[in-house]
Amino acid sequence: MTASVNNRRNIGNAFQGAAFVTNFIQKNILLIKSEIETVTKMQKECTLNNLPLNKRVSVKKIICGEAIKNRIFDLGILENTIITPLFKSPFGDPKAYLVKNAVIALRNKDCENIIVTPL
């Protein structure tokens, strides 16, 4: 009788382990699908704040008011400049970008005005 109780426990543990693995796989599949969607969106043009990290892009245009545009130009971000997102802060804003061999931090609000295309 003790052996049958142990077998039931082992079967129960096996089902729990299988459920854990299934849940783990489903979560990873969702993460992969999310990354694929991000890359698919990136095949045309998007704003600088929507880039995944380490994705090199070229600036296509900057759409904003003159004051912000001058600040962005002063940071070295012009049309056809190559930019690479390097780091993201713990809360996601600001992000660090590599621009002309310099690392600069930009807020997502400012990055919404910069249209880029992937390289």
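This report walks through the fold, the sheet, the core and a few chosen residues of one protein chain.

**Overall picture**

The model is predicted. Its average pLDDT is 80, and 78% of the residues score at least 70. Confidence varies along the chain. Helix α1, residues 2-41, has the lowest mean pLDDT among the elements, at 66. Strand β4 has the highest, at 93.

The chain holds three helices and six strands. Read from the N terminus, the order is α-β-β-α-β-β-β-α-β. Of the 119 residues, 26% are buried. The chain exposes about 8,500 Å². Carbon and sulfur atoms supply 58% of that area.

Contacts also reach along the sequence. Take those between residues at least 6 apart: 57% of them join residues at least 24 apart.

**The sheet**

In what order do the six strands of the open sheet stand? The order is β1-β6-β2-β3-β4-β5, and the pairing is antiparallel. Strands β1 (46-47) and β5 (102-106) stand at the edges. Each has a single partner strand, so one side of each is left without a neighbour in the sheet.

Strands of a sheet pair through backbone hydrogen bonds. Three of the pairings here are listed below.

| Strand pair | Residues | Bridges |
|---|---|---|
| β2 and β3 | 57-62 and 82-88 | two bridges, antiparallel |
| β3 and β4 | β4: 95-99 | five bridges, antiparallel |
| β2 and β6 | β6: 114-118 | five bridges, antiparallel |

Single residues show how the strands line up. Start with β2 and β3. Valine 57 stands opposite isoleucine 83 in β3. Serine 58 stands opposite isoleucine 82 in β3. Next come β3 and β4, where proline 85 stands opposite tyrosine 97 in β4. On the β6 side, valine 59 has valine 116 as its bridge partner.

Strands β3 and β4 form a hairpin with six residues between the strands. In this hairpin, glycine 92 takes a positive phi near 90 degrees.

In a regular strand the side chains alternate between the two faces of the sheet.

**The nonpolar core**

The largest nonpolar core has 16 residues. Those with the most contacts inside it are Leu48, Ile77, Ile83, Tyr97, Ile114 and Val116. Four elements, β2, β4, β5 and β6, give two or more residues to this core. Strand β2 gives the largest share, three residues.

Some of these core residues appeared in the sheet as well. Isoleucine 83 stands opposite valine 57, and tyrosine 97 stands opposite proline 85.

Isoleucine 114 deserves its own look. Which residues does isoleucine 114 contact, leaving aside neighbours within four places in sequence? They are Cys46, Thr47, Leu48, Val59, Lys61, Ile62, Ile72 and Ile77.

**Three residues up close**

*Threonine 47.* This residue is found in strand β1. Is threonine 47 buried or exposed? Its relative accessible area is 18%, and the cut-off for buried is under 20%, so threonine 47 counts as buried. Its side chain makes a polar contact of 2.4 Å with the side chain of asparagine 49. Another polar contact, of 3.0 Å, joins the side chains of threonine 47 and asparagine 50. Beyond its sequence neighbours within four places, threonine 47 is in contact with Cys111, Glu112, Ile114, Ile115 and Val116.

*Isoleucine 63.* This residue lies in the loop between β2 and α2 (66-74). How far apart are the C-alpha atoms of isoleucine 63 and isoleucine 114? The separation is 6.4 Å, although the two residues are 51 residues apart along the chain. Isoleucine 63 also touches Asn113 and Ile115, not counting residues up to four places away in sequence.

*Threonine 81.* This residue sits in the loop between α2 and β3. Its relative accessibility is 6%, so threonine 81 counts as buried. Leaving aside neighbours within four places in sequence, its contacts are Val57, Ser58, Val59, Gly76, Val99 and Lys100.

**In short**

An open, antiparallel sheet of six strands runs through this model. Strand β2 pairs with β3 over two bridges and with β6 over five. Strand β2 also gives three residues to the largest nonpolar core.

Terms used:
Residues are numbered from 1 along each chain as its sequence is written. Side-chain values use heavy atoms; hydrogens and water are left out. Two strands pair if DSSP finds at least two bridges between them. Contact means heavy atoms within 4.5 Å. Buried means under 20% relative accessible area, exposed over 50%, partly exposed in between (1.4 Å probe, protein chains only). Accessible areas come from the Shrake-Rupley method with a 1.4 Å probe; for residues, only the protein chains shown count as cover. A polar contact is a pair of N or O atoms within 3.5 Å; within protein, one must be able to donate a hydrogen and the other to accept it, and residues adjacent in sequence count only if both atoms are side-chain atoms. pLDDT is the predictor's confidence in each residue, from 0 to 100. A nonpolar core is a set of buried Ala, Val, Leu, Ile, Met, Phe, Trp, Tyr and Cys residues joined through side-chain atoms within 4.5 Å.
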